[in-house]
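Reader: I'm new to this structure and would like a close look at just one part of it. Could you pick a strand, walk me through its surroundings, and then show me how the rest fits around that picture?

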Amino acid sequence: SLVCARVREREREEGETFFRFNAQGIMKLLECPGLLRTMQLLSCDLGDCLLECRLDAYSCKRTGTEKKVGKEIEQHAVAEFTATPTSSLPVPNPVLSPPGMGLEATSPIGSWNDSVTRKTLANLILTMNSSFQDYDFRSVRPEQFTLYPSLDIIMHSINQNLDEAYRYYETAHPAINLRQELWGEIDKVVDLQDSKVYSFLSDGESDPFSEEGRIWAFNFFFYNHQLKRVVFFFCYCVTKTADSYLSSSSASEDERGLDERLRSESTDRGIYGDSMEDI
């Protein structure tokens, strides 16, 4: 797939480092205990299925390496988008302009004539590479992202998907409103009313969004351009008979628990530890 390929496979095929996000270009993960706690509470066993959630908060303030990688992504995306005929795009979109219009062409997240659009695309891609470091999303096309005009609609949709998890937890802890806690913690990081909401449209191949056995899944980016922060919310419900669940539910994983796995990942990244007050 041109959209997503594992970094190691590309290295073997091409005999050189292609785009090592594991070593460079990783965004700074913000330490947000409230988000971590909420993620743990939402990730639960619902009987016949398992709910897994990921809530990652990143700073979009780029340092030297991130600036270089981000610029390369912007240049690559602009070149690909303006050169490809509209008829060959994998995801039809009526707002796309005809080919040959250069930076006047429009993508689902804005006009390429606007530097904010180009930086937004790069930051969304860097966010996915930071959250899923076994994958390289550099070749993701702009039309695979969607900008949603209404925050309320997105919140309602997410709440509907998570309703069973809310009820499951609140039955045992009636004094806690998990729904309010979720949105309150996200709001602390990005100020939801001043944020834009994006989503990634998977091509269904070679990416972490399209594994078999999932009943439903969603991903959203809550991006505050002024604060230069983004919260990435990825959640899915998987049947316990799915291969993806069976392969990831060994006894040792169950014993360690979600918190230890998260902190182990973050330690490997070498970027976890900046609190909100440090940004």
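Author: Happy to. Let's start with confidence: the mean pLDDT of the protein chain is 75, and 66% of its residues reach 70 or more; pLDDT is the predictor's confidence in each residue, on a scale from 0 to 100. This is a predicted model, so local features need pLDDT of at least 70 and side-chain atom pairs count only at pLDDT 80 or more, while totals for chains, interfaces and linings use all residues. Residues are numbered from 1 along each chain as its sequence is written, and side-chain values use heavy atoms, with hydrogens and water left out.

Two stretches call for some care. Over residues 1-24, pLDDT stays under 50, and the model has 49 contacts beyond four places in sequence for that stretch; a contact here means heavy atoms within 4.5 Å. Residues 86-103 also have pLDDT under 50 throughout, with 34 such contacts in the model.

Now the strand I'd pick: β11, residues 229-239. The protein chain has nine helices and twelve strands, taken as DSSP runs numbered from the N terminus (helices are H or I with at least four residues, strands are E with at least two). Strand β11 is mostly covered, with ten of its eleven residues buried. Buried means under 20% relative accessible area, exposed means over 50%, and partly exposed is in between, using a 1.4 Å probe and protein chains only.

What runs alongside β11? Strand β4, residues 49-59, is antiparallel to β11 and joined to it by eleven bridges. Strand β10, residues 214-224, is antiparallel to β11 as well, with ten bridges. Two strands are said to pair if DSSP finds at least two bridges between them. In the pairing with β10, Phe221 stands opposite Phe232 of β11. The hairpin of β10 and β11 has four residues between the strands, and Lys228 there takes a positive phi near 60 degrees.

Cys237 is a good place to zoom in, as it sits in β11. Its relative accessibility is 4%, which counts as buried. Leu51 stands opposite Cys237. Leaving out residues up to four places away in sequence, Cys237 touches Cys49, Leu50, Leu51, Gly213, Arg214, Ile215 and Trp216. The C-alpha atoms of Cys237 and Leu162 are 9.5 Å apart, although 75 residues separate the two along the chain.

With Cys49 among those contacts, you may wonder about a disulfide. A disulfide is a covalent bond between the sulfur atoms of two cysteines. The rule used here asks for a pair of cysteine sulfur atoms within 2.5 Å, and by this rule the count comes to zero disulfides. Cys44 is in none, the nearest cysteine sulfur being that of Cys53, 7.6 Å away. Cys44 is buried, at 8% relative accessible area. As for Cys49, the closest cysteine sulfur is in Cys237 at 3.4 Å, which is too far for a bond. Cys49 is buried too, with 10% relative accessibility.

Stepping away from the strand, let's look at charged pairs. Side chains of opposite charge can pair when their charged atoms come close. The structure holds eight salt bridges, each being a side-chain nitrogen of Lys or Arg within 4 Å of a carboxyl oxygen of Asp or Glu. One of them joins Arg37 and Glu181, at 2.8 Å from N to O. That pair links distant parts of the chain, with Arg37 in helix α2 (residues 33-42) and Glu181 in helix α7 (residues 178-190), 144 residues apart. Arg37 is partly exposed at 35%, whereas Glu181 is buried at 16%.

Helix α7 has further partners. Arg179 meets Asp163 in a salt bridge of 3.6 Å, which links helix α7 to helix α6 (residues 163-172) across 16 residues. Both ends are partly exposed, Arg179 at 32% and Asp163 at 27%. Asp163, Arg167 and Arg179 are linked in a network of salt bridges. Within α7, Glu185 pairs with Lys188 at 3.2 Å; they lie three residues apart, about one turn of the helix. Glu185 is buried at 15%, but Lys188 is exposed at 59%.

Finally, the whole chain: of its 279 residues, 48% count as buried. Among contacts between residues at least 6 apart in sequence, 71% join residues at least 24 apart.
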